[in-house]
Amino acid sequence: MKIAVVHGAMHKGSTYHTVQIFLERLGGEITEFFLPGNFSEPCKGCFSCFVNGEHTCPHAGQVKPIMEAFEEADLIVLDSPVYVLGMTGQLKCFLDHTGYRFMVHRPDPGMFFKTGLVISTAGGYGTKQANKAMKSCLSGICIPKVFSFGESVFAMNWEQVTDRKKKQIEKKAAKVAKKVKRNVASPKPPGLFTKFMFLMMRKMQKNNKWLPLDREYWEERGWLGRNCPWKRS
C-alpha cells in the first residue's frame with residue numbers, strides 16, 4: 001500500500017501523533033508533506049489552472065509534487081488540528097489549488113479507485129467541522145470512499161493528553177484502520193450520487209464553450225460518449 005499524507009501543521013502535536021498511530025497500523029510506503037513547509041502559498045484566484053492548465057499556476061512547483069504523490073498513492077490522508085472550528089489555513093491554501101481536479105473540470109480517473117482518510121484532533125470542539133471540510137475536498141477530487149476520525153483530547157499538546165485518552169485513541173484508530181485497509185484492498189465503486197453527478201457534468205461539458213480545455217479533456221477520454229472514468233479497460 002502506498003500512502004500520501006498531507007499534514008495541516010508543522011508541529012508534532014496531538015494530531016500528528018494520532019496520525020502516526022494510524023500509519024503504524026496501516027503499514028506500507030508513506031510519503032509525507034508538512035504545511036506550510038512543503039506548501040505555503042494562498043491561491044491567487046487567477047483561474048490559470050482552469051483556463052490554461054495546472055502547469056501555468058503561479059505555484060505549480062509546490063502543487064505538482066503533492067498531486068503526483070496523490071496519483072501514486074492507494075490511500076490519501078489529510079490531517080489537521082482544529083483551528084477556530086476548522087482546518088488550518090495552510091491546509092486550506094493547498095486544497096484551494098486542487099479545484100482543477102474536481103469533477104466539473106478535469107478529474108483524474110485514477111482517483112475513482114482510491115481511498116481517503118481525514119483525521120483531526122481538538123482541545124475541545126470542532127473535529128466534525130474540520131473533518132467535514134477535508135472530506136468534502138477529497139470527495140471533490142472524486143475519491144469515492146473517505147473515512148473520518150476525530151477526537152477531542154482536552155489538552156494543548158500530546159504530552160498533556162492522559163494515558164486513558166491515548167488508549168481510547170489507539171482502540172478507535174485500530175478499528176478505523178482495519179476498515180481503511182479493507183477498502184484499499186478492495187475499493188468500492190462510486191455510488192449512485194457520484195454516477196448521477198458525472199452524467200450531469202457530461203451533459204454540461206457537451207455544451208461547454210467557456211472552458212475549452214475542460215471540454216477537450218473530457219472529449220479525449222471519451223467521456224462525452226459512453227466511457228466512464230471508473231471503468232478500467
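Start by selecting helix α7 (residues 192-206) together with helix α8 (residues 212-220): their axes come within 10 Å of each other and cross at roughly 120°. Keep in mind as you go that this is a predicted model. Seen as a pair, α7 passes α8 in a left-handed crossing. Now show side chains. On the α7 side, pick F198, M201, R202, Q205 and K206, which meet D214, R215 and W218 on the α8 side. Colour that contact by class and you get three nonpolar, one polar and four charged residues.

**Next stop: the sheet**

Hide the helices and show the strands. What is the order of the five strands in the open sheet? Reading across, it goes β2-β1-β3-β4-β5, and the pairing is parallel. Select β2 (29-34) and β5 (145-152) to find the edges; each has a single partner strand, so one side of each is left without a neighbour in the sheet. Look along the sheet and you'll see the twist: neighbouring strands are turned by 15° against each other on average, direction ignored.

Zoom in on strand β4 (residues 115-122) and its parallel neighbour β5. How many bridges join β4 to β5? There are eight. To get your bearings there, label T115 and then K145 in β5, which stands opposite T115.

**Bring back two helices**

Turn on helix α1 (residues 14-26). This helix lies across β1 (2-7), β2, β3 (75-81), β4 and β5, and runs at about 145° to β4. Then add helix α6 (residues 163-185), which lies across β3, β4 and β5 and runs at about 180° to β5.

With both of these helices on screen, look at how they pack on one another. The axes of α1 and α6 come within 9 Å and cross at roughly 45°. That angle makes α1 oblique to α6. Which hand does the crossing of α1 and α6 have, left or right? This crossing is right-handed.

For the side chains at this contact, select T18, I21, F22, R25 and L26 in α1. Their partners in α6 are I169, E170, A173, A174, V176, A177, V180 and K181. Sorted by class, the contact of α1 with α6 holds nine nonpolar, one polar and three charged residues.

**Last stop: backbone oddities in the loops**

Go to the loop between β2 and α2 (48-51), where P36 lies. Check the peptide bond that joins L35 and P36: it is cis, with omega at about 10°.

Stay in the loop between β2 and α2 and move along to F47. Its phi is near 65°, a positive value in a residue other than glycine. Switch on the surface here: is F47 buried or exposed? F47 is exposed, with a relative accessible area of 53%.

Finally, jump to the loop between α5 (127-140) and β5 and select C142. Here, too, is a positive phi in a residue other than glycine, near 80° for C142. Leave the surface on and ask again: is C142 buried or exposed? C142 is buried, with a relative accessible area of 5%. Flip between the two residues to compare the settings: F47 is exposed, whereas C142 is buried.

How values were computed. Residues numbered from 1 in each chain as written. Predicted model: local features only at pLDDT ≥ 70, side-chain atom pairs only at ≥ 80, totals over all residues. Heavy atoms only, no water. Pairing = 2+ DSSP bridges. Helix = DSSP H or I, 4+ residues; strand = E, 2+ residues; numbered from the N terminus. Axes fitted to C-alpha atoms, helices over the stretch in contact; angles between N-to-C directions. Contact = heavy atoms within 4.5 Å. Buried < 20%, exposed > 50% of the residue type's maximum accessible area, 1.4 Å probe, protein only. Parallel < 35°, antiparallel > 145°, perpendicular 65-115°, else oblique. Left-handed = near helix turned anticlockwise from the far one by under 90°. Nonpolar A, V, L, I, M, F, W, Y, C, P; charged D, E, K, R; others polar.
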